[in-house]
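Let's take a walk through this protein together, one stop at a time. Have the picture open and turn it as you read.

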Amino acid sequence: MPVPIIIDCDPGHDDALAIMLAAGDPAVDLLAITTVAGNQTLEKTTLNARRVCTVAGITGVPIAAGCDRPLVQPLAVASDVHGVSGLDGPRFPEPTVDVVPEHAVDLIHRILTEHPEPVTLVPTAPLTNIALLLTRYPGDAARIREIVLMGGSTERGNRSPAAEFNVQTDPEAADIVFRSGVPLTMCGLNVTHQALATREVLARFEDLGTELGRTCAELLTFFASTYRTLWGFPDPPLHDPVAVARVLDPQIVHCVEANVVVELHGRYTRGATVVDLHRYVDRPVNALVAVTLEAELFWDRMVAAVAALGRRSA
Ligand code: BDR
Ligand code: CA
């Protein structure tokens, strides 16, 4: 039986491919896509989710807009990484799918309440919507099978020496989620940096010979250019689909148990995830922390999902 999931995202180049992986792979049942401010403003990330669904032929999956800013601090978007649109690179047709007239948090709550089995949440963005859900509807914690998120890192950051973008953008929200007691898997930079979109990977998307395959190659080409300029990466890491991959086949992403806390006060480290891999402290384990990616399996699944969607939308 496919695993029922909801993606909470801020598309975003890698979010776009995470949506495609979730919609195109038969191992998961994508129940909804919710958006939040992060890589760009809420207005832009929501438009981008509609664009992605339109171009990938994803219909019948409700899209709902959520929080337009972090819980405490002001929003700082990532135009330097994802461009002014949040999804620079390809030209997108006018979206033909719309949003539902419901706040993302209420839509997630309704699905959790109505679905016959617990649902997995896959946040690939700042955790504002998820923190709000857990605060506003505390009973929902029991209805969530697990939260498998992209965020944090066991080592380096990408918005400061210590902090990763999704956690650093809304540290208070991340703190609520990590302390919630809901089973949690963290796919941080340490593992997503193993998902490198090399030239060979780009060629695999192009060689599909579909419009969607070309769109993916264009998205990755833009993403590659910013990663080269900002961080000197020869090939860009495709963060967000790694969290989806962990849900559709846990063998693709290997994890270890650890205590993870979010630094809220550090003068230089606010927004860092402090991951106790070596059990230095006696705080209890509250997360599975992804450490190793089976990169070949990952790309096979990613390309297959885009191929399946391309066939459907052709
Ligand atoms: C995360 O930040 C965003 O820019 C990406 O979409 C990803 O979710 C990586 O740090
Ligand atoms: Ca993202």
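Asp 240 is tucked away: with a relative accessible area of 2%, the residue counts as buried. Keep in mind that what you're looking at is a predicted model. Asp 240 sits in the loop between helix H10 (211-231) and helix H11 (241-248), and it is one of the residues that hold on to the calcium ion, ligand 2.

Who else reaches for that calcium ion? The protein donors are Asp 10 (OD), Asp 15 (OD, listed twice), Thr 124 (O) and Asp 240 (OD), and they lie 2.3 to 2.5 Å from the ion. Read along the chain, these donors follow the spacing D-x4-D-x108-T-x115-D. Thr 124 comes from the loop between strand S4 (119-123) and helix H5 (128-136), so together with Asp 240 it ties together parts that are 116 residues apart in sequence. Thr 124 is buried too, at 1% relative accessibility.

While you're in this area, have a look at Gly 12, in the loop between strand S1 (3-9) and helix H1 (13-24). The peptide bond leading from Pro 11 to Gly 12 is cis, with omega near -10°.

Now follow the chain to helix H5. Its buried residues are Thr 128, Asn 129, Ile 130, Ala 131, Leu 133 and Leu 134. What lies over them? The cover includes strands S1, S2 (28-35), S4 and S5 (144-150), along with helices H4 (104-114) and H7 (171-178).

Time to zoom out. The protein has 12 helices and 9 strands. Its radius of gyration is 18 Å, close to the 20 Å that the globule rule gives for 314 residues, so the protein is as compact as a globular protein of that length. The C-alpha trace spans about 55 × 45 × 35 Å along its principal axes, and buried residues make up 58% of the 314. The chain also meets itself across long stretches of sequence: among contacts between residues at least 6 apart, 83% join residues at least 24 apart.

What about the outside? The accessible surface comes to about 12600 Å², and 53% of that belongs to carbon and sulfur atoms. As for charge, there are 24 positive and 38 negative side chains, with the centres of the two sets lying 2 Å apart.

Let's zoom back in on strand S8 (residues 273-276), where you'll find Val 275. Is Val 275 buried or exposed? Its relative accessible area is 16%, under the 20% cut-off, so Val 275 counts as buried. Leaving aside neighbours within four places in sequence, Val 275 touches Ser 153, Thr 154, Met 186, Ala 258, Asn 259, Val 260 and Val 289. Take Ala 258 from that list: it is 17 residues from Val 275 in sequence, and their C-alpha atoms are 6.6 Å apart.

A little further on, in the loop between S8 and strand S9 (287-293), comes Arg 279. This residue is exposed, at 53% relative accessibility. Its phi is near 50°, a positive value in a residue other than glycine.

Our last stop is Glu 294, in the loop between S9 and helix H12 (295-313). Glu 294 is partly exposed, at 33% relative accessibility. Setting aside neighbours within four places in sequence, Glu 294 is in contact with Gln 251, Ile 252 and His 254. Asn 39, by contrast, is 255 residues from Glu 294 in sequence and 27 Å from it in space, C-alpha to C-alpha.

Definitions and conventions: Residues numbered from 1 in each chain as written. Chains lettered and ligands numbered in written order. Predicted model: local features only at pLDDT ≥ 70, side-chain atom pairs only at ≥ 80, totals over all residues. Heavy atoms only, no water. Donors = N, O, S within 2.8 Å, 3.2 Å for Na, K, Ca; no water. Helix = DSSP H or I, 4+ residues; strand = E, 2+ residues; numbered from the N terminus. Buried < 20%, exposed > 50% of the residue type's maximum accessible area, 1.4 Å probe, protein only. Rg over C-alpha atoms; globule rule 2.2 N^0.38 Å. Contact = heavy atoms within 4.5 Å. Areas by Shrake-Rupley, 256 points an atom, 1.4 Å probe, with all protein chains shown as cover. Lys, Arg positive; Asp, Glu negative; His and termini not counted. Charge placed at Lys NZ, Arg CZ, Asp CG, Glu CD.
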